[in-house]
Amino acid sequence: MDQGGGDVPWPVGALGFFTDGEHLLIADETGLQGVDITGGQQVFTIEGFRPTRQDRHTGTLIQVGSAHARLWTPQQWTPRAG
């Protein structure tokens, strides 16, 4: 895996890749980055949030720790998550 970003305009995450339909969501050791799928530009970050799973029905991203879990649902999917 190219960690230098040679063929892609964003860093390659070590934990996971997800999507909300508009963005490639990249989880790495620093947090979550949202990259515009069509333009390749980073459009947002959530520092410290390192999800390893995504609920395929609601789009919610899930970070599981030893004693806790953190959740984040992309805005356009919030109605699906209830």
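This report describes the fold, the strand pairing and selected side-chain features of a predicted model.

## Overall architecture

The secondary structure of this predicted protein consists of 1 helix and 7 strands. Along the sequence, the elements follow the pattern β-β-β-β-β-β-β-α, with the helix placed after the strands.

The protein has 82 residues, of which 33% count as buried. Its exposed surface comes to about 5200 Å², and carbon and sulfur atoms supply 51% of that area. Among contacts with a separation of 6 or more, residues 24 or more positions apart account for 17%.

## Strands β2, β3 and β4

Strand β2, residues 23-28, pairs with β3 in the antiparallel sense over 6 bridges. The two strands form a hairpin with 2 residues between them. Within this pairing, L24 stands opposite V35 in β3.

Strand β3, residues 31-36, is mostly covered, since 5 of its 6 residues are buried. In addition to its pairing with β2, β3 is joined to β4 by 5 bridges, and these two strands also run antiparallel. G34 stands opposite F44 in β4. The hairpin of β3 and β4 has 5 residues between the strands, and in this hairpin G40 takes a positive phi near 75°.

## The sheet of β5, β6 and β7

An open sheet of 3 strands has the order β5-β6-β7, with antiparallel pairing. Strands β5 and β7 stand at the edges and each has a single partner strand, so one side of each is left without a neighbour in the sheet.

The antiparallel pairing of β5 with β6 extends over 2 bridges. R53 stands opposite I62 in β6.

## The loop between β5 and β6

T58 is found in the loop between β5 (53-54) and β6 (61-64). Is this residue, T58, buried or exposed? With a relative accessible area of 14%, T58 is buried, because the cut-off for that class is under 20%. The side chain of T58 also makes a polar contact with the side chain of T60, at 3.0 Å.

## The aromatic pair

A search of the whole structure finds 1 aromatic pair. This pair is formed by F44 and W72 and is tilted, with 5.8 Å centre to centre and 45° between the planes. The pair links distant parts of the chain: F44 belongs to strand β4 (residues 42-47) and W72 to strand β7 (residues 69-72), 28 residues apart. The assignment as tilted follows from the angle of 45°, because planes under 30 degrees apart count as stacked and those over 60 as edge-to-face.

Both members of the pair can also be described by their accessibility. F44 has a relative accessible area of 22% and is partly exposed. W72, at 24% relative accessibility, likewise counts as partly exposed. Neither residue is classed as buried, because that class requires a value under 20%.

## Combined view

Two residues of the aromatic pair can be placed within the strand arrangement. F44 stands across from G34 in the pairing of β3 and β4, while its ring partner W72 lies in strand β7. Strand β7 is an edge strand of the open sheet, with one side left without a neighbour in that sheet. The aromatic pair therefore links strand β4, which is joined to β3 by 5 bridges, to an edge strand of the sheet ordered β5-β6-β7.

Notes:
Residues are numbered from 1 along each chain as its sequence is written. This is a predicted model: local features need pLDDT of at least 70, side-chain atom pairs count only at pLDDT 80 or more; totals for chains, interfaces and linings use all residues. Side-chain values use heavy atoms; hydrogens and water are left out. Rings of Phe, Tyr and Trp (its six-membered ring) pair if their centres lie within 6.5 Å; planes under 30 degrees apart count as stacked, over 60 as edge-to-face and the rest as tilted. Helices (H or I, at least four residues) and strands (E, at least two) are DSSP runs, numbered from the N terminus. Buried means under 20% relative accessible area, exposed over 50%, partly exposed in between (1.4 Å probe, protein chains only). Contact means heavy atoms within 4.5 Å. Accessible areas come from the Shrake-Rupley method with a 1.4 Å probe; for residues, only the protein chains shown count as cover. A polar contact is a pair of N or O atoms within 3.5 Å; within protein, one must be able to donate a hydrogen and the other to accept it, and residues adjacent in sequence count only if both atoms are side-chain atoms. Two strands pair if DSSP finds at least two bridges between them.
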